[in-house]
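User: I am new to this structure. Please walk me through it in questions and answers.

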Amino acid sequence: MSDLIAMQFKKPTSLSDTFKGYYDASGNGWSPEFLSSDQTYAISNGDVHVSRFRIILKDASFYSLPYSLLPILIFTGEKLIIKSYGVHISIFGKGLSVIENHISNQTLLYVRESISGVDLEEKDVFVSQIIVEGKSIATEISEEEL
């Protein structure tokens, strides 16, 4: 019985493990269960370093970032900035030192922006807003790049 309980609470070890059942691989999108949950972030077990993590916005769109391209993290208390090769991500909220620590240790699997933007449950870690900017996130190729 105790083995069953331990398995239920085992931390995921990869993005695919984390989102199994939450994101349809055929591209149909997030499951209603994931969209209605208010889980701010997920981490891998401490023994496993992951190669990518996701930034999930309130509209359910997301960015998948490789750890290998993350040269700079700037933490100011209520704001965490990730700067990487033409991408500037600003994460606002509280308890962001936890997110910064997991990015630094390459154990963060995802961080998710609150749908409401209001911390109704008064959690230790809360992400009120995420802003993603930069030329590297453009979905169209400019004539200069052709």
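**A buried ring and its partner**

User: Is Tyr 67 buried or exposed in this model?

Analyst: The model is predicted. The relative accessibility of Tyr 67 is 7%. The cut-off for a buried residue is under 20%. Tyr 67 therefore counts as buried.

User: Which residue forms an aromatic pair with Tyr 67, and what kind of pair is it?

Analyst: The structure holds one aromatic pair. Its partners are Phe 53 and Tyr 67, with 4.9 Å from centre to centre and 40 degrees between the planes. Planes under 30 degrees apart would count as stacked, and over 60 as edge-to-face. The partner is Phe 53, and the pair is tilted.

User: How many residues apart are Phe 53 and Tyr 67?

Analyst: Phe 53 sits in strand S4. Tyr 67 lies in the loop between S5 and S6. The pair thus links distant parts of the chain, 14 residues apart.

User: What is the relative accessible area of Phe 53?

Analyst: A residue is buried under 20%. Phe 53 is buried, with a value of 0%.

**Strands and sheet**

User: Which residue is the bridge partner of Phe 53 in S5?

Analyst: Strand S4 covers residues 52-56. S4 pairs with S5 in the antiparallel sense, over five bridges. Within S5, the bridge partner of Phe 53 is Leu 65.

User: Which strands stand at the edges of the open sheet, and why is one side of each left without a neighbour?

Analyst: The open sheet has four strands in the order S3-S9-S4-S5, with mixed pairing. Each edge strand has a single partner strand, so one side of each is left without a neighbour in the sheet. From one strand to the next, the twist averages 10 degrees. The edge strands are S3 (41-43) and S5 (62-66).

User: Which residue in the turn between S6 and S7 has a positive phi?

Analyst: S6 (residues 72-75) and S7 (residues 79-84) run antiparallel, joined by four bridges. One bridge partner in S7 is Lys 83, which faces Ile 72. The two strands form a hairpin with three residues between them. The turn residue with a positive phi, about 105 degrees, is Gly 77.

User: And which residue in the turn between S7 and S8 has a positive phi?

Analyst: S7 and S8 (residues 87-94) also run antiparallel, with six bridges. Ile 81 has Ser 90 as its bridge partner in S8. The hairpin has two residues between its strands. Its turn residue with a positive phi of about 35 degrees is Tyr 85.

**Core and loop**

User: Which strand gives the most to the largest nonpolar core?

Analyst: This core has 26 residues, and Phe 53 is among those with the most contacts inside it. S3, S4, S7, S8, helix H4 (96-104), S9 and S10 each supply at least two residues. The top contributor gives four residues, and that strand is S9.

User: Which residues does Lys 123 contact, beyond its neighbours within four places in sequence?

Analyst: Lys 123 lies in the loop between S9 (108-112) and S10 (126-133). Lys 123 is partly exposed, at 23% relative accessible area. Its C-alpha atom is 9.3 Å from that of Thr 40, 83 residues apart along the chain. The contacts are Asp 38, Gln 39, Thr 40 and Lys 94.

User: What share of the 146 residues in the protein is buried?

Analyst: The protein has four helices and ten strands. About 9,100 Å² is exposed, and carbon and sulfur atoms supply 52% of that area. Buried residues make up 34%.

Definitions and conventions:
Residues are numbered from 1 along each chain as its sequence is written. This is a predicted model: local features need pLDDT of at least 70, side-chain atom pairs count only at pLDDT 80 or more; totals for chains, interfaces and linings use all residues. Side-chain values use heavy atoms; hydrogens and water are left out. Two strands pair if DSSP finds at least two bridges between them. Axes are lines fitted to C-alpha atoms, for helices over the stretch in contact, and angles run from 0 to 180 degrees between N-to-C directions. Rings of Phe, Tyr and Trp (its six-membered ring) pair if their centres lie within 6.5 Å; planes under 30 degrees apart count as stacked, over 60 as edge-to-face and the rest as tilted. Buried means under 20% relative accessible area, exposed over 50%, partly exposed in between (1.4 Å probe, protein chains only). Contact means heavy atoms within 4.5 Å. A nonpolar core is a set of buried Ala, Val, Leu, Ile, Met, Phe, Trp, Tyr and Cys residues joined through side-chain atoms within 4.5 Å. Accessible areas come from the Shrake-Rupley method with a 1.4 Å probe; for residues, only the protein chains shown count as cover.
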